[in-house]
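Here are a few short exercises to help you find your way around a new structure. Try each task on your own, then compare with the worked solution.

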Amino acid sequence: MKKLRHVLGISGGKDSAALAIYMRNKFPDIDIEYYTSDTGKELDETYRLVENLEGYLGKKIVRLKAFEDSPEAPFDHKLKSLGGFLPSQRFRWCTKTLKLDVFERFVGDDPVISYVGIRHDEAREGYISKKDNIQSIFPFRRNIWSEDVINKLLAPANLNEVISCLERVIDSSKQDRFKHLLKSTTSLTFTREKKLDRLFDLGVPDFNYLVFNFLQSTAYPLSKCDSFPLLDKVDVQIREDVFKILEDSGVGIPGYYKEIDFEVNGKKSSYCRSRSGCYFCFYQQKIEWVWLYEQHPDKFKLAMEYEKDGYTWNDDLSLGELIQPERIVAIKEEYIKRSARTKKGSSGLLVDILEDSEAEGCASCFI
Ligand code: SF4
């Protein structure tokens, strides 16, 4: 029987880095393989973060690269084969080829637990591999299980089996409450999310042991082990915790999160970059492009060179148009207005404002 592997991907973002530190400190007995998928176009801060982390973890972080035999950076190699067709939110070939495919090759057919740094304060699921041998676990959340596992557990067709598991692992004094909830049907007012919350409210470890026991009869990778230390975990981690984990460890917060002041037409504000990933990533907002132009002009120039074949990173304007002085002023003013509106309903942290206004983005690049 193949041995179960535990893997954790370092994207260069704060959350996956903090997760690596958290897992090392909280669950030192889990032998985790760390990896990072390098497009060859990451920010310098990402490469530095990976090195810092290696020092802290005392373990090598495996560099995965697509097209290993090519002398070019993986991104450039693929781009050339596509005739200069730049990726975009609609045609995100870069994530698939340079991140997901290399990861799936790395794990092969081995049963794998993949730890993902989505936080408790985020409402997103992130990348779930379609491969049956890869199971995602979310240690920062109260609900460490992936959507597909929960769907299976709550499926009416599996109710009898779940009840049998429950009778094996949950204290008899609590069984009736669990059964009542598991049997209750969802409605517009009693949603599936509410049902799940109530189940967790009855006892996080109890619920986790129930799921774990249920998984023993499935082909999920966790069915390959007799115990799993995260079943007893009750803590959750939110954004502030992640910054604290990075600071306390000495690994540090990636430099691109540092807020830099600017002034436009007498109005003051600050900007930074909200995510890791390639320096030219098409997910960045216009204010982040301005940040790149003003703070890393060499990188901006390189990003502009990719537009030579007629494709552009943004749908509505080229980078050459974006850096026209009047356009930069307009982008900064619009950003100041938007920040003021968003600040009312959020933490007020700049990185939140930038992130919250985006759709999910690329979980494998930014977590
Ligand atoms: S960071 Fe952006 S450009 Fe780079 S691989 Fe991810 S989605 Fe593509």
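## Exercise 1: the ligand shell

Task: find the element that gives the largest share of the shell around the ligand, then work out where the ligand lies.

Solution. Start with the helices: α4, residues 93–107, supplies the largest share of the shell, with four residues. Keep in mind that you're looking at a predicted model. Next, count the whole shell: 13 residues surround the ligand, and the closest are C94, G277, C278, C281 and C365. Sort the shell by chemistry and you get eight nonpolar residues, three polar and two charged. Finally, ask which domains these residues come from. Domain 1 (5–145 + 235–249) and domain 3 (255–366) both contribute to the shell, so the ligand lies between them.

## Exercise 2: an annotated stretch

Task: describe the backbone of residues 6–124.

Solution. First, the label: an unreviewed UniProt entry annotates residues 6–124 as "domain: Phosphoadenosine phosphosulphate reductase". Then look at the make-up of this stretch, which is 42% helix and 15% strand. Last, take its two end C-alpha atoms: they sit 22 Å apart.

## Exercise 3: two sides of a helix

Task: which residues of α10 (residues 239–249) are buried, and how are they arranged around the axis?

Solution. Pick out the buried residues of α10 to begin with: V242, I245 and L246. They span an arc of only 95° around the axis, which means they are on the same side of α10. Now flip to the face turned away from that buried side, and you'll meet the exposed residues E240, K244, E247 and D248. What do the buried residues pack against? Their partner is α1, residues 14–26. One step past the helix, α10 is followed by G250, which has a positive phi near 90°.

## Exercise 4: positive phi without glycine

Task: place F67 and N265 in their loops, and decide whether each is buried, partly exposed or exposed.

Solution. Take F67 first. This residue isn't a glycine, yet its phi is positive, about 50°. Its loop runs between β3 (61–64) and α3 (74–81). There are 18 other C-beta atoms within 10 Å of F67; being buried takes 20 or more and being exposed 12 or fewer, so F67 is partly exposed.

Now do N265, another non-glycine, with a positive phi of about 45°. Look for N265 in the loop between β6 (260–264) and β7 (267–271). Only 8 other C-beta atoms lie within 10 Å, so N265 is exposed.

## Exercise 5: partners from elsewhere in the sequence

Task: find the contacts of A20 and Y220, leaving aside neighbours within four places in sequence.

Solution. A20 belongs to helix α1. Because A20 has 26 C-beta neighbours inside 10 Å, it counts as buried. Its contacts, with those close sequence neighbours set aside, are L8, I10, Y34, L53 and L57. Check one of these pairs: A20 and L8 are twelve residues apart in sequence, and their C-alpha atoms are 7.1 Å apart.

Then move to Y220, in the loop between α9 (204–215) and α10. With 22 C-beta neighbours inside 10 Å, Y220 is buried as well. Its contacts, again without the close sequence neighbours, are Q135 and L215. For a long jump along the chain, try Y220 and I113: they are 107 residues apart in sequence but 9.4 Å apart in space, C-alpha to C-alpha.

Terms used
Residues are numbered from 1 along each chain as its sequence is written. This is a predicted model: local features need pLDDT of at least 70, side-chain atom pairs count only at pLDDT 80 or more; totals for chains, interfaces and linings use all residues. UniProt positions are given in the numbering used here, feature names are shortened, and annotations may be inferred rather than shown by experiment. A residue is near a molecule or strand if its C-beta atom, placed from the backbone, lies within 6 Å of it. Ala, Val, Leu, Ile, Met, Phe, Trp, Tyr, Cys and Pro count as nonpolar, Asp, Glu, Lys and Arg as charged, and the others, Gly among them, as polar. Domain bounds come from an automatic or database domain assignment. The arc is that of the directions from the helix axis to the C-beta atoms. Two residues are in contact if their C-beta atoms, placed from the backbone, lie within 7 Å.
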